[in-house]
Structure formats: structure tokens, C-alpha cells
Amino acid sequence: MKRRDFLKAWMICGASTTFGITRNAWGGASFEGYPERMGVLVDLTRCVGCRSCEAACNKEQQLPAPSAPFDDLSVFDRKRRPTEKAYTVINRYETTKAGGPVYRKIQCNHCNEPGCLSSCLVNAYTKTQEGAVIYNPKVCIGCRACMVACPFNIPGYSYSSAFNPLVKKCVFCYDTRLKNGKSPACVEICPQETLTFGHLNDLIKIGHERIREMPDKYIDHIYGEKEVGGTGWIYLSGVPFDKVGFDTTLGNEPIISNVKEFLGLIPMVLAIWPALFTGFHLLSTRNNNDPSKQGDSHSYREDAKP
Amino acid sequence: MHVVRNWLIRGVLVIALTIAPADSRAQNMPDSIDLDSLVQFYEKVSFDHAKHIGLSKDCSVCHHHTTGTPTEDANCIRCHKNSAATAVVACTACHSAQPFSAETIKKNKSNVKSYHKDMPGLKGAYHQSCGGCHARDGGPTGCQDCHPRKKSGDAFYHAGEYAPKTPKNGKSRGR
Ligand code: SF4
Ligand code: SF4
């Protein structure tokens, strides 16, 4: 059972037994999103795996020095996940398609209806009108609800202080760039223009246009156009998305519909949540001793959760 | 006799016509072009234009329809089957060095008649265009094969003398 399905089942079961809420009671309203929101179209067919975007992110967000140089390609020998020390990573996938491996960039997708935001007990998250999903570390209590609610398994945690764990993830360079009308640092550095920055509505049109003009080159799907209610970062690929690490089982329903039900449970959740997640964390740290799963410390997670 | 003279005149005319445009183009055609948009981290590239003309022969491979040679790209032909040469053919004439600046995005949006809405910026155009042929025809493909990194680049990539000094540090392959 996937962790999120477990959470969903747990929430629905708890909600209906405790409060008698039915599944669709909260799910009616749909949010079309800010019309001027920005996004990024990621074209996997263009990426050459140079990792310049990782280096640019590290510098822009003043993250700790990496454990290996950013031009070290041996990191591709295993699949990585974004962590509190690296908000974006590139993974390499060997595919049967001619033209060599496919590289895939991972970072927060800046969902239109973010699961992290709706699951947060203290409203630490904000979806800005520019499209970024940002958070206020000062109010984060480290309960890790967002980590479980995120369909893409994005938020990382800084455990540098045991008493003050903080959520850490890509913020679309909001403070330093996006809010001043500038593209994120990774977009600016990318030599291949794998990353196209613009108004999300325009990017969706551009994506469909690329597919129409080059039907042999692309899979006829924009990942993120509809998934979980649509995301701000959307993807084009020349190989099926599930072959390059995307979770294609998420459906188009926003995570919010599930999580809203659970908001009624906050008082109970507040009491047991931290204990529950300390348990999760211990379990996942234990798994890391398994040599087949050697990842970047505690943060190794694939999109499709175990 | 008449026929021969006519042929001669026609022949000279044809030769003159074929040489003239090539000549005037050659006058403006640089043998080498300095590409220096990445000088923050890399040495500039002295692009050997003459050599690439020899290698590819067909200008449209890089210049699309702008040099007046017919393009074979099915998507371009739809409009540019018979397009004449444009006044400027340099990459920088169309491909913006700042493709994602607020001004560029606004400009693209305000021009509702513009068809080329998805035109790559200058850096993207270079790398996509060069990289495609280089990978296929065995040209250089590593970053530093074309532009060696400067010290500032080493610092940015945490490579070279700026490489992290940890025992598990993988060997840098210096792309
Ligand atoms: S990808 Fe995850 S962390 Fe990012 S906005 Fe969506 S739910 Fe939140
Ligand atoms: S900078 Fe661009 S080409 Fe290089 S790894 Fe990142 S997305 Fe791919």
C-alpha cells in the first residue's frame, strides 16, 4: 500500500467514524487558479544531464556545499530525490529509445492546489499569485504532514536542530527572483533550454504545439497539465512517463479533496501526529541500512512511494 | 553563328547571376565568430564558421529559411517555402539573449500576430542546434570540449580546486 493511500484511507475512515463526514462533502469547490501565474515547461527530450541547474539552485538558495562536484556524473549511478540540501536533482534513465539516456529534473511542481498547503496544520504554506508554493519556516512545527500529503514526495526536512526541524523545498526562487519578474536560477542557467519559463496558460499551449509539430518526438501527453488538479511545472517526454520515474497513477483529482476531510480531525491529529511521524522517520532510517536502497541519507524516496 | 552568340550571352548572364549573390553574401560572411554569451563561467568560443560551411554546405541547417536557401523542415516549409533571404541572418537577430525576461515575455504576448512564440533563446538555440549535429556526427559534446571553464566556473560547479574534500568524493569527469 502506498503511503498516501494509507493516509487517505486513514483520514477518510477517521473522518467518517468520528464526524460522519462523507467523502464528497468538502470536494465541491474548484479553484481555477491565478490567471497570471507563471510556470515552467520541462522538455525531457532536450536535457543532456549537465547538472548546471543543480549548481545554480545550490548557489541561488545558498545551500550547503555538495558532497561531490556538480560536474560529477557518477551521481547518476543511483536515483536521487530532492533533499533539504538539494532542492532539485537530475536522474538518468536508460531507455530503449534511440539517442541515449533520458534525464529527468525533479523539484517541487508548485501545484495549483497543493497538497502540502492544505495539509499544513499551522498554515505555513502560501500559493502566491505568481504561482510559487512557498512556506514560512518560522511557523513550521515540523509535523511532516506536508511530506506525506505531497503527491510527488517533495518536501525535505532539515534535522539540524532536533527541536526545530524545518521543512525545506524548492520555492521557485520566489524571494530572490520570481517576485521581481525573473525566471528561476535553474531556468536561466540551462544551456539546452530544457526549461521554458512563462505564463502557465501559454506554456500549456506551447507544449501541445510542440507535440503537434513533432508527433514522432513526443508522447502525446503533458504531465502536470491535469495531474492532481494541475501543476505549475509541467513536462514533455519522448518516452512514457512511467519509464522515467513519474507516478502515472495519481489521477487528476487534487489532493486537497482528500485532505480537506481530514481538517476536521485537527485536534486529534495534533495530539498523535508528531509521535506517528517520529515512528515513520525511524522506520525509513532503518530501511536505509538496506544496501539495495542506499540513497542520499534519510531522504531517498521514489515518486511512487513504497 | 547567332545561336552560338546567344548561348554565350545567356551563359555569361547565368554565371554572373549565380556568382553575384554568392559574392555579396560572402562579403558579409564571417569566417569566424566569437560566441561570448557564457563568459561568466566559460572561455568564449571562437566558432569556425568557414569550417562549418564546408561541413554542412546547406546553410538552412543552421540558418533555417533566412539565407534564402530552401529549408527541408516540414514545419518551416508550411510558410517559408519560397521565402527570400532576410536582411540579417545572425543568430542574435532573432534569438534573444534574455528569452525569459519580463520584457521579452511581455513583448511576445503583446504581439498577437507573431507565430514564432516558442523560439528558443540564444543559448538554447546554440546548444540545441550544435549539440544535435555534434552528437550525430561525432563532433565534440562535452561542455569543456567547446568552452573550457574559467576559475569562476570551477567555483560555481564546486569542481577543480573548489571540489569538496570528502573521502567519498567521486572522481570528477570534468564535463
Ligand atoms: S509538489 Fe508537493 S511540495 Fe510542491 S506544491 Fe505540490 S504538494 Fe506542495
Ligand atoms: S541545466 Fe538543463 S540540460 Fe543541464 S541538467 Fe539541468 S535541465 Fe538538463
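**Exercise 1.** State how much surface chain B exposes and which atoms supply 61% of it.

*Solution.* Chain B exposes about 12,300 Å² (Shrake-Rupley method, 1.4 Å probe). Carbon and sulfur atoms supply 61% of this area. The model is predicted: local features need pLDDT of at least 70 and side-chain atom pairs pLDDT 80 or more, whereas totals for chains, interfaces and linings use all residues. Residues are numbered from 1 along each chain as its sequence is written, chains are lettered from A and ligands numbered from 1 in the order in which they are written, and side-chain values use heavy atoms, without hydrogens and water.

**Exercise 2.** Determine whether the length of helix H6 (residues 200-213) of chain A agrees with the expected span, and where its buried residues lie.

*Solution.* Step one: helices are DSSP runs of H or I with at least four residues, numbered from the N terminus. For the 14 residues of H6(A), 1.5 Å a residue (times one less than the number of residues) gives 20 Å. The end C-alpha atoms are 20 Å apart, which agrees.

Step two: the buried residues (under 20% relative accessible area, 1.4 Å probe, protein chains only) include Leu200(A), Leu203(A) and Ile204(A). Seen down the axis, the buried residues of H6(A) fall within an arc of 165 degrees (taken from the directions from the axis to the C-beta atoms), so they line one face of the helix.

Step three: on the other side of H6(A), Lys205(A) and Arg212(A) are exposed (over 50%).

**Exercise 3.** Give the secondary structure of chain B.

*Solution.* Chain B has nine helices and two strands (E, at least two residues). From the N terminus on, the order is α-β-β-α-α-α-α-α-α-α-α.
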